[in-house]
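Let's take a walk through this protein, starting with its inside and ending at its ligand. Have the model open and follow along.

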Amino acid sequence: MNAKNGMLFVVAAPSGAGKTSLLKELSKKNNRVIISISHTTRKPRDGEIEGEDYFFVDEKSFKKLIEENHFLEHARVFGNHYGTSHSFVESQIQTGKKIILEIDWQGMQKIKAKGVEIIGIFILPPDYITLEERLINRQKDSSTTIKQRMNAALDEISHYKEFDFIVVNDKFDETVAKLNEIISDPKTDHNRRNSSHDKFISKIMAQRD
Ligand code: 5GP
């Protein structure tokens, strides 16, 4: 899957790590970057645009797409279905694009299990408090959902070892630059996961209770 140096990446992050804005900026900076648009059965949030943020479909249409083998992977997250379009990814790779999937570690594992080459990048918040604040400041979800998302965020962080690169989102512009370096040269050792990340993550997890 790397015709003309096209390549597939997963960029995962706990909700509130700042992933969406980082990726929007990255795709503005690097015109070879394409963010894959998933299908979902989730209802659009305020400001979300059909065909830009997601393809919003109902349960019946989603089921039909599964039967038609439309998805490279699909999963149920927070009670909604999400899926990555196989044909979209394939066609973009053929034209040498760097395709970024915004999916979780489970989605990445499903793709790896199909023998597809994929590089995993995990974005971390700088600390626990920032993660919590960013989740609350979004104010797009109810407080029960925020709690659910905080727990899900910490669970997601606990899977950081599945990923090849770890990027801490402390300063926005620097984080975008780091992401650009990784996708431009996936052989780079900068930001490759190493033992220093273990300590950093233990510290975040220790604040869980
Ligand atoms: P949100 O509803 O906040 O946009 O996304 C919720 C979660 O669904 C995020 O963790 C996101 O990574 C995940 N997600 C979005 N699209 C897909 C997809 O196509 N496949 C999988 N497996 N997860 C997805």
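Here is a short tour of the cores and then of the ligand's surroundings.

Keep in mind that this is a predicted model. A good place to begin is the interior. In soluble globular proteins, nonpolar side chains tend to be buried together. Here, the largest nonpolar core has 29 residues, and the ones that touch the most other members are Leu8, Val10, Leu101, Ile111, Phe122 and Ile157. Quite a few elements chip in with at least two residues each, including the strands β1 (7–12), β7 (98–101) and β8 (119–124) and the helices α3 (86–94) and α8 (195–206). The largest share, 5 residues, comes from α6.

Now zoom in on Leu101. Leaving aside residues up to four places away in sequence, Leu101 touches Leu8, Phe9, Val10 and Val11, along with Ser36, Thr84, Val89, Ile111 and Ile118. There's also a second, separate core, this one of 20 residues, with Phe9, Leu22, Val33 and Phe165 among them.

Next, the ligand. Which residues are the closest to it? Of the 15 that surround the ligand, those are Ser38, Arg42, Tyr54, Glu73 and Tyr82. By class, this shell has 7 charged, 5 nonpolar and 3 polar residues.

Look at the oxygen atoms of the ligand. One lies 2.5 Å from a polar side-chain atom of Tyr54, and a polar side-chain atom of Ser38 is 2.7 Å from a ligand oxygen. Gly83 takes part through its backbone, where a polar atom is 3.4 Å from an oxygen of the ligand. On its own the ligand has 510 Å² of accessible area, and the protein covers 90% of that. The elements giving two or more residues to the shell are β5 (71–77) and β6 (80–85).

Technical notes: Residues numbered from 1 in each chain as written. Predicted model: local features only at pLDDT ≥ 70, side-chain atom pairs only at ≥ 80, totals over all residues. Heavy atoms only, no water. Core = buried A, V, L, I, M, F, W, Y, C linked by side-chain atoms within 4.5 Å. Buried < 20%, exposed > 50% of the residue type's maximum accessible area, 1.4 Å probe, protein only. Helix = DSSP H or I, 4+ residues; strand = E, 2+ residues; numbered from the N terminus. Contact = heavy atoms within 4.5 Å. Near = heavy atom within 4 Å. Polar contact = N/O pair within 3.5 Å; in protein donor to acceptor, adjacent residues only side chain to side chain. Areas by Shrake-Rupley, 256 points an atom, 1.4 Å probe, with all protein chains shown as cover. Nonpolar A, V, L, I, M, F, W, Y, C, P; charged D, E, K, R; others polar.
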